[in-house]
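Trainee: I would like a close look at one part of this model, please. Start with the space inside it and work outwards from there.

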Amino acid sequence: MALIDWRKEFETGVEEVDHEHKELIDLLNTLHEKLGTDVSREEVRGFLGDVFTNISSHFALEETVMRKHKYDEYQAHKSEHEQLLDDLRDIMDAFEANEALDYKSTLADAVRDWFVNHFKTKDARLHRLLGV
Ligand SMILES: [Fe+2]
Ligand SMILES: [Fe+2]
């Protein structure tokens, strides 16, 4: 079972944004699937790094768009981005410190509800309002 399934309610009305969101979900689903299987530490580290890089650059792009358009809910939106990046950093730190943690469920807890809510509320509002 995939960690996150794409839902119609995630659509923002902007094709490129939806496409990027789908790619982020695919990446998270792949990482989640790999965790708990026989993958090497190197592979997990690589995946965690890719997930973090892709998510942060997606957020950075969105924040640039918001600043450019003087978006009214910029701060609240950016705070949600930062909260997720903090949680992902914690997971990466725990991994580097070799902490005995259930990474599969910790990742699921950190990202599943976050993405579902963020897409439906923050991103949907942003992209519908600005059209970009
Ligand atoms: Fe987004
Ligand atoms: Fe966002």
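How much space lies in the largest pocket?

Mentor: Happy to walk you through it! The model is predicted, so local features need pLDDT of at least 70 and side-chain atom pairs count only at pLDDT 80 or more, while totals for chains, interfaces and linings use all residues. Residues are numbered from 1 along each chain as its sequence is written, chains are lettered from A and ligands numbered from 1 in the order in which they are written, and side-chain values use heavy atoms, with hydrogens and water left out.

The largest pocket holds about 160 Å³ of space. (On a 1 Å grid over the protein atoms alone, a pocket is an open set of points with protein on both sides within 12 Å along at least five of seven lines, a cavity is a set where a 1.4 Å probe fits but cannot get out, and lining residues have an atom within 4 Å of a point; a volume is the space filled by probe spheres on points joined across faces, edges and corners.) Its lining is made up of Val14, Glu16, Val17, Glu20, His58, Leu61, Glu62, Val65, His127 and Val132. Two elements, α1 (15-34) and α2 (41-68), give two or more residues each to that lining (helices are DSSP runs of H or I, at least four residues, and strands runs of E, at least two, numbered from the N terminus). Of the elements, α2 gives the most, with four residues.

Among the lining residues, keep an eye on His58 and Glu62, which lead us to the metal. The iron ion (ligand 1) is coordinated by His21 and His58, each through NE2, by Glu62 through OE and by Asp123 through OD, at 1.9 to 2.2 Å (donors are N, O and S atoms within 2.8 Å of the metal, or 3.2 Å for Na, K and Ca; water is not among the atoms, so sites may look incomplete). Along the sequence, the donor residues of this iron ion are spaced H-x36-H-x3-E-x60-D. A second iron ion (ligand 2) lies 3.7 Å from the iron ion (ligand 1), and glutamate 62 coordinates both. Glutamate 62 sits in helix α2 and aspartate 123 in helix α4 (residues 103-130), so this pair ties together parts that are 61 residues apart in sequence. Both glutamate 62 and aspartate 123 are buried (buried means under 20% relative accessible area, exposed over 50%, partly exposed in between, with a 1.4 Å probe and protein chains only).

Now for the other metal. Around the iron ion (ligand 2) you will find Glu62 (OE), His77 (NE2), His81 (NE2), His118 (NE2) and Asp123 (OD), at 2.0 to 2.2 Å. The spacing of these donors along the chain is E-x14-H-x3-H-x36-H-x4-D. Here glutamate 62, in helix α2, can be paired with histidine 118, in helix α4, so parts that are 56 residues apart in sequence are tied together. Like glutamate 62, histidine 118 is buried.

Enclosed space comes next. A search of the whole structure turns up one cavity of 30 Å³ or more, and the largest cavity has a volume of about 30 Å³. Leu31, Leu48, Val51, Phe52, Leu88, Met92 and Leu107 form its lining. Helices α2 and α3 (74-96) each supply at least two of those residues, and α2 has the largest share, three residues.

The aromatic residues deserve a look as well. The structure holds seven aromatic pairs (rings of Phe, Tyr and Trp, the last by its six-membered ring, pair if their centres lie within 6.5 Å; planes under 30 degrees apart count as stacked, over 60 as edge-to-face and the rest as tilted). The ring centres of tryptophan 6 and phenylalanine 10 are 5.4 Å apart and their planes stand at 85 degrees, so that pair is edge-to-face. Tryptophan 6 is partly exposed at 26% relative accessibility, whereas phenylalanine 10 is buried at 0%. Ring pairs join Trp6, Phe10, Phe59, Trp114, Phe115 and Phe119 in a cluster.

Finally, step out to the loops. Lysine 70, in the loop between α2 and α3, has a positive phi of about 45 degrees although it is not a glycine. With 73% relative accessibility, lysine 70 counts as exposed. Asparagine 98 belongs to the loop between α3 and α4, and its phi is near 60 degrees, a positive value in a residue other than glycine. Asparagine 98 is exposed too, with a relative accessible area of 54%.
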